[in-house]
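The following exercises are to be worked through with the sequence and the coordinates at hand. Each task is followed by a solution in steps.

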Amino acid sequence: MSGKRRTQNEVAEGVDRRVRVDVQRNLDALLQAAKAVFATSGVDAPVREIAEKAGVGVGTVYRHFPRRSDLVAAVFRREIDACAAAAPLLAASYEPGEALLKWIERYVAFIATKRGLAEALHSGDPVFEPLPLYFQQNLEPALGQLLHAAATAGEIRGDVDAGDLLNAIARLSGADQAQRMVALLVDGLRYGKKASSGVR
């Protein structure tokens with residue numbers, strides 16, 4: 001009897017695990033779809049359009065995100081998480097200078113997503129209030145580690161503040177010829193290192 005009970009528990013745990021996997025899969029698909037729809041149709045796009053792109057029902061959208069602002073905030077957090085997670089992966093795969101450059105390219109792509117959500121993020125909705133701190137707490141350390149590694153390798157100057165650089169790139173990303181402007185900024189980091197090395 002105990003063996004039968006144990007088997008039933010195992011079956012129940014297996015079902016529960018599959019349900020959790022399905023829920024997470026739906027959530028991932030939903031956030032990815034929302035990001036894409038927001039980019040093309042804006043944050044006021046019909047919920048049905050997002051649901052259809054994600055392959056889920058409208059009810060699933062509202063079950064996870066009762067308000068549109070909840071969904072916008074979740075998309076923004078997901079993009080911050082992905083950008084932060086890219087830093088150690090790039091550091092493990094490339095030389096420090098190249099890893100830094102590739103992460104900056106990834107960050108510029110993130111800024112493009114942020115710009116698409118800008119109107120909603122500045123709407124005054126309380127759900128968005130924690131996002132600036134979340135941005136700072138996750139992206140500054142990620143970039144800081146890459147900057148430290150590149151400076152230690154002698155590829156950039158050593159006095160670059162991660163927060164300042166994030167803000168500078170964000171501002172340049174909104175300018176004409178954004179890619180060229182960001183590339184010039186990165187070249188400036190390298191030039192500064194050479195100049196300071198000469199003084200020392």
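**Exercise 1. Determine which residues form the aromatic cluster, and characterise two of its ring pairs.**

Solution.

Step 1. In this predicted model, one aromatic cluster is formed by Phe-76, Trp-103, Tyr-107, Phe-110 and Phe-135. A search of the whole structure yields 5 aromatic pairs.

Step 2. Consider Phe-76 and Phe-110. Their ring centres are 5.6 Å apart and their planes meet at 35°, so this pair is classed as tilted; the tilted class lies between the limits of 30 and 60 degrees. Because Phe-76 belongs to helix α4 and Phe-110 to helix α5, the pair ties together parts that are 34 residues apart in sequence.

Step 3. Assign the burial of each partner, for which the cut-off is under 20% relative accessible area. Phe-76 has a relative accessibility of 4% and therefore counts as buried. Phe-110, with a relative accessible area of 0%, is likewise buried.

Step 4. Turn to Tyr-107 and Phe-135. With ring centres 6.4 Å apart and planes at 50°, this pair is also tilted. Tyr-107 lies in helix α5 and Phe-135 in helix α6, 28 residues apart, so that the pair links distant parts of the chain. Tyr-107 and Phe-135 are both buried.

**Exercise 2. Describe the largest nonpolar core and state which helix supplies the largest share of it.**

Solution.

Step 1. The largest nonpolar core comprises 57 residues, and those with the most contacts inside it are Phe-38, Trp-103, Tyr-107, Phe-110 and Leu-139.

Step 2. At least two core residues come from each of α1 (2-41), α2 (47-54), α4 (68-93), α5 (96-121), α6 (131-152), α7 (162-173) and α8 (178-199). Helix α4 provides the largest share, 12 residues.

Step 3. Examine Tyr-107 individually. Leaving aside residues up to four places away in sequence, Tyr-107 touches Cys-83, Phe-135, Leu-139, Leu-166, Ile-169 and Ala-170.

Step 4. Place the core within the chain. The secondary structure consists of 8 helices and 0 strands. Of the 200 residues, 34% count as buried. Among contacts with a separation of 6 or more, 67% join residues 24 or more positions apart.

**Exercise 3. Is Ser-173 buried or exposed, and which residues does Ser-173 touch?**

Solution.

Step 1. Ser-173 is located in helix α7. Its relative accessibility is 8%, so Ser-173 counts as buried.

Step 2. The side chain of Ser-173 reaches the backbone oxygen of Ile-169 at 2.7 Å.

Step 3. With residues up to four places away in sequence excluded, Ser-173 touches Val-108, Ile-111, Arg-115, Ala-178 and Val-182.

**Exercise 4. Is Ala-112 buried, partly exposed or exposed?**

Solution.

Step 1. Ala-112 is found in helix α5.

Step 2. The relative accessible area of Ala-112 is 43%. Partly exposed residues fall between 20% and 50%, so Ala-112 is partly exposed.

Step 3. Ala-112 and Ala-170 are 58 residues apart along the chain, and their C-alpha atoms are separated by 9.2 Å.

**Exercise 5. Identify which residues lie over the faces of Tyr-134 and Tyr-94.**

Solution.

Step 1. Arg-77 lies over the face of Tyr-134, at 4.4 Å from the ring centre.

Step 2. Over the face of Tyr-94 lies Lys-102, at 5.0 Å from the ring centre.

Conventions. Residues numbered from 1 in each chain as written. Predicted model: local features only at pLDDT ≥ 70, side-chain atom pairs only at ≥ 80, totals over all residues. Heavy atoms only, no water. Core = buried A, V, L, I, M, F, W, Y, C linked by side-chain atoms within 4.5 Å. Buried < 20%, exposed > 50% of the residue type's maximum accessible area, 1.4 Å probe, protein only. Helix = DSSP H or I, 4+ residues; strand = E, 2+ residues; numbered from the N terminus. Contact = heavy atoms within 4.5 Å. Phe/Tyr/Trp six-rings, centres within 6.5 Å; stacked < 30°, edge-to-face > 60°. Lys NZ or Arg CZ within 6 Å of the ring centre and 35° of its normal. Polar contact = N/O pair within 3.5 Å; in protein donor to acceptor, adjacent residues only side chain to side chain.
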